[in-house]
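User: Please give me a close look at one part of this model, with the cut-offs behind each term. After that, set that part against the rest of the chain.

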Amino acid sequence: MSDYYISFGRVYHDLADYTKDNVFSSRYNQIGNELLMESLPYLSDSSTIYYVRGKVALKEDKLAKSKQLYQRALELCDTTDAETLSVLLSTMAYVNRKLGLNDEAIHYYVKAAVNDIRSATKESVSMRGLATMLYYYKNDVNLASEYINEAFEDATFYGTRHRINVIGTLFPVFVGEKLGIEQVKRQTFQDSFILSSVFAVVLIIAIIYILMQMKHLRRSRQLLEKLNLKLSEANRIKNSYIGHYLDATFKLVNQLDNFVLVGQQKLDSKQYDSLSSMIHNLNSDFNRKSAFADFDRTFLSLFPTFVESFNSLLQPDDKFVLENKGALNSTLRIFALIRLGITESEQISEILGYSVNTVYNYRVRTRNKAVDPANFEKDVRKIGL
């Protein structure tokens, strides 16, 4: 008889939850409580008695009293009765939830869900309640979505329309939130990808810029090395010429000093014939021809390929062929001085004893025979570099 009253009392309570209005729900809850109270005289199990009284207190909105009664029912409950234990645990969770004790509510929902899984009871209440608590109070959308799916499968398994409807109202909220989070994740990923791409492009540009700077630096270093080589070459030429002509100059000075001394003696002793012979010999030793020969030897020792390089700048039919490989002709001697940096025609004419017009004509005539007349003398100055 007690089972009859308790079963029908729960039916009316479920009917009140299903209706959820201000007219019929309160009446259904009242009938349910009356039926539960009718079961008490037939009950002998203490746990069930506390459960019935706790259920009545809950429907009368006496939450604190209901919690105390359900606590006693749990303490006295036969833990081997999995179905009754799950009902007590999930109801205890619901009471704590109504009291605002969220952590305690989650604790009891978890215990109820574990008990359902362990006993292979496809009951959706505990899993649905746990999903709701995780979503609203722990902001754990992923777990909430997973648990509400499990609750929906359990409700569908038994075909309980009321519970399917309740869970159906939660589906759009949970799934929509999860989709929103996924959208945010995708957007974050896209933004991160774009930022990474921009960073990669900037990095590549920076690397290219650095490589270009390094290449420019290498070119600058190579140019500097070439300039150093040119300076070294210029110093070598300068030192060679200075050494050679200092030696020649002092030799000439010594000879002239000796000539003056001996000449004065011969003049004093009126040895005029002997003095005339000395003057003739001096002119033979220091004539321009020997000076040119000395210049040619010195220059060709510094630039042994000058003639070949010079000919390479001329047209094929205008190249110079020298009978004496160790001597230069007038044209080559003029351009040898230009190679040494003496570029003014006036200076060249004073050194070689030619007129300025002669030097000028030699230069123009030879330039016109060049492969590249515009850059001919510039190319001559590069010979030997």
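Analyst: The buried residues of helix 4 are Leu-63, Ser-66, Lys-67, Leu-69, Tyr-70, Ala-73 and Leu-74. Buried stands for under 20% relative accessible area, exposed for over 50%, and partly exposed for what lies in between, with a 1.4 Å probe and protein chains only. Helices are DSSP runs of H or I with at least four residues, strands are runs of E with at least two, and both are numbered from the N terminus. The model is predicted: local features need pLDDT of at least 70, side-chain atom pairs count only at pLDDT 80 or more, and totals for chains, interfaces and linings use all residues. Residues are numbered from 1 along each chain as its sequence is written, and side-chain values use heavy atoms, with hydrogens and water left out.

Helix 4 runs over residues 63-76, which is 14 residues. From its first C-alpha to its last, helix 4 reaches 20 Å, close to the expected 20 Å; the expected span is 1.5 Å times one less than the number of residues.

Helix 4 also holds a salt bridge within itself. Arg-72 pairs with Glu-75, and their closest N and O atoms are 2.8 Å apart. The criterion is a side-chain nitrogen of Lys or Arg within 4 Å of a carboxyl oxygen of Asp or Glu. The two residues are three apart in helix 4, so about one helical turn separates Arg-72 from Glu-75. An α-helix has 3.6 residues a turn, so residues three or four places apart point the same way. Arg-72 is partly exposed, at a relative accessible area of 35%.

Just before helix 4 comes the loop that joins helix 3 to helix 4, and Asp-61 sits in that loop. The phi of Asp-61 is positive, near 65 degrees, although the residue is not glycine. Most residues other than glycine have a negative phi. Asp-61 counts as exposed because its relative accessible area is 55%.

On the other side of that loop, Ser-47 belongs to helix 3. Its relative accessibility is 5%, so Ser-47 counts as buried. Leaving aside residues up to four places away in sequence, Ser-47 touches Ala-73, Leu-76, Cys-77 and Leu-88, where contact means heavy atoms within 4.5 Å. Of these, Ala-73 is among the buried residues of helix 4.

Helix 3 (46-59) takes part in a second packing arrangement, together with helix 2 (24-39): the buried residues of helix 1 pack against both. Helix 1 covers residues 2-19, has 18 residues and reaches 26 Å, close to the 26 Å expected. Its buried residues are Ser-2, Tyr-5, Ile-6, Gly-9, His-13 and Ala-16. They lie on the same side of helix 1, because their arc around the axis is only 95 degrees, taken from the directions from the helix axis to the C-beta atoms. Lys-20 follows helix 1 and has a positive phi, near 50 degrees.

For the rest of the chain, salt bridges offer a comparison. The structure holds seven of them. Asp-296 and Arg-333 meet in one at 2.8 Å, N to O. Asp-296 is in helix 11 (residues 288-302) and Arg-333 in helix 13, so this pair ties together parts 37 residues apart in sequence. Asp-296 is buried at 1% relative accessibility, and Arg-333 is buried at 7%. Another joins Glu-377 and Arg-367 at 3.4 Å, N to O. That pair links helix 16 (residues 376-380), which holds Glu-377, to helix 15 (residues 356-368), which holds Arg-367, across ten residues. Glu-377 is buried at 13%, while Arg-367 is partly exposed at 26%. Arg-363, Arg-367 and Glu-377 form a network of salt bridges.

Some totals complete the setting. The chain contains 16 helices and zero strands. Buried residues account for 31% of its 385 residues. Of the contacts between residues at least 6 apart in sequence, 56% join residues at least 24 apart. The exposed area of the chain is about 24,300 Å², with 56% supplied by carbon and sulfur atoms; areas follow the Shrake-Rupley method with a 1.4 Å probe, and for residues only the protein chains shown count as cover.
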